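Please open the structure in your viewer and keep the selection tool at hand. The stops below proceed from one selection to the next.

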Amino acid sequence: IVLGLPLGENGKLAHRPEILEGAVDERWRRGAMNIQSMWVTCMAEHMLKVGRIDDALARLDQVEADVVSRGERFYLSELWRVRGRAKLLLGLREAAEESILAAQRLARELGSPPLELRAAREAALLASSRPRAKRRRPP
């Protein structure tokens, strides 16, 4: 995982995402569940970069159910932020907005300014991508 994250950030996993997926899956098999939400969310973000939107959403759903059952909430805001990005890539603008708002709310509840800032940045990017209405010219 430690090797896979920097490779993913630099775009070097575009053709070999199995490096990061294999490491995350191995942690899951061994029962190493601490901070699993962080690893899976990072992996899902890399999946989005290579166009694997459905796989990313499936992974996020899987880890969310596990995290909620164990009460590990510290990275839930990031999970929702990445989910919002995936929904936007699918063209589901309203669902994307709901997810990003949930990310902001969760970060605020957890008292995490850095995660709240990441969610706010995502909300700003979403707002800036909104098509502008055509302006009418006066007759």
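Select Arg 105 and Glu 109 in helix α6: because they are four residues apart, about one helical turn separates them. In this predicted model, the two side chains form a salt bridge, with the closest N and O atoms 3.0 Å apart. Arg 105 counts as partly exposed at 42% relative accessibility, and Glu 109 is likewise partly exposed, at 48%.

Now extend the selection to the whole of α6, residues 93-110. Its 18 residues should span 26 Å at 1.5 Å a residue, and the end C-alpha atoms are indeed 26 Å apart, so the two values agree. Which residues of α6 are buried? They are Ala 96, Ser 99, Ile 100, Ala 102, Ala 103, Gln 104, Leu 106 and Ala 107. Display α5 and α7 (113-128) as well, since both are included in what covers these buried residues. Just after the helix, Gly 111 adopts a positive phi of about 70°.

Proceed to Glu 45 and Arg 85. Their salt bridge brings N and O atoms to 2.9 Å at the closest. Glu 45 belongs to helix α3 and Arg 85 to helix α5, so this pair ties together parts that lie 40 residues apart in sequence. Is each partner buried or partly exposed? Glu 45, at 12% relative accessibility, counts as buried, whereas Arg 85, at 22%, counts as partly exposed. Add Glu 78, Arg 81, Arg 118 and Glu 122 to the selection: together with Glu 45 and Arg 85 they are linked in a network of salt bridges. The whole structure contains twelve salt bridges.

Another of these joins Asp 55 to Arg 52, at 2.8 Å from N to O. Asp 55 is partly exposed, with a relative accessible area of 36%; Arg 52 is also partly exposed, at 23%.

Next, select helix α4, residues 53-70, which has 18 residues and reaches 26 Å between its first and last C-alpha atoms. Its buried residues include Ile 53, Leu 57, Leu 60 and Val 67, and also the charged residues Arg 59, Glu 64 and Asp 66. Gly 71, just after α4, takes a positive phi of about 75°.

For the interior, select Val 24, Met 43 and Leu 48, which touch the most other members of the largest nonpolar core, a set of 19 residues. The elements giving two or more residues to this core are α2 (18-29), α3 (36-49), α4 and α5 (76-89).

Finally, centre on Trp 80. The charged end of Arg 83 sits over its ring, 4.4 Å from the ring centre. A search for aromatic pairs, by contrast, returns zero in this structure.

Conventions. Residues numbered from 1 in each chain as written. Predicted model: local features only at pLDDT ≥ 70, side-chain atom pairs only at ≥ 80, totals over all residues. Heavy atoms only, no water. Phe/Tyr/Trp six-rings, centres within 6.5 Å; stacked < 30°, edge-to-face > 60°. Lys NZ or Arg CZ within 6 Å of the ring centre and 35° of its normal. Expected span 1.5 Å × (residues − 1). Buried < 20%, exposed > 50% of the residue type's maximum accessible area, 1.4 Å probe, protein only. Core = buried A, V, L, I, M, F, W, Y, C linked by side-chain atoms within 4.5 Å. Contact = heavy atoms within 4.5 Å. Salt bridge = Lys/Arg side-chain N within 4 Å of Asp/Glu carboxyl O.
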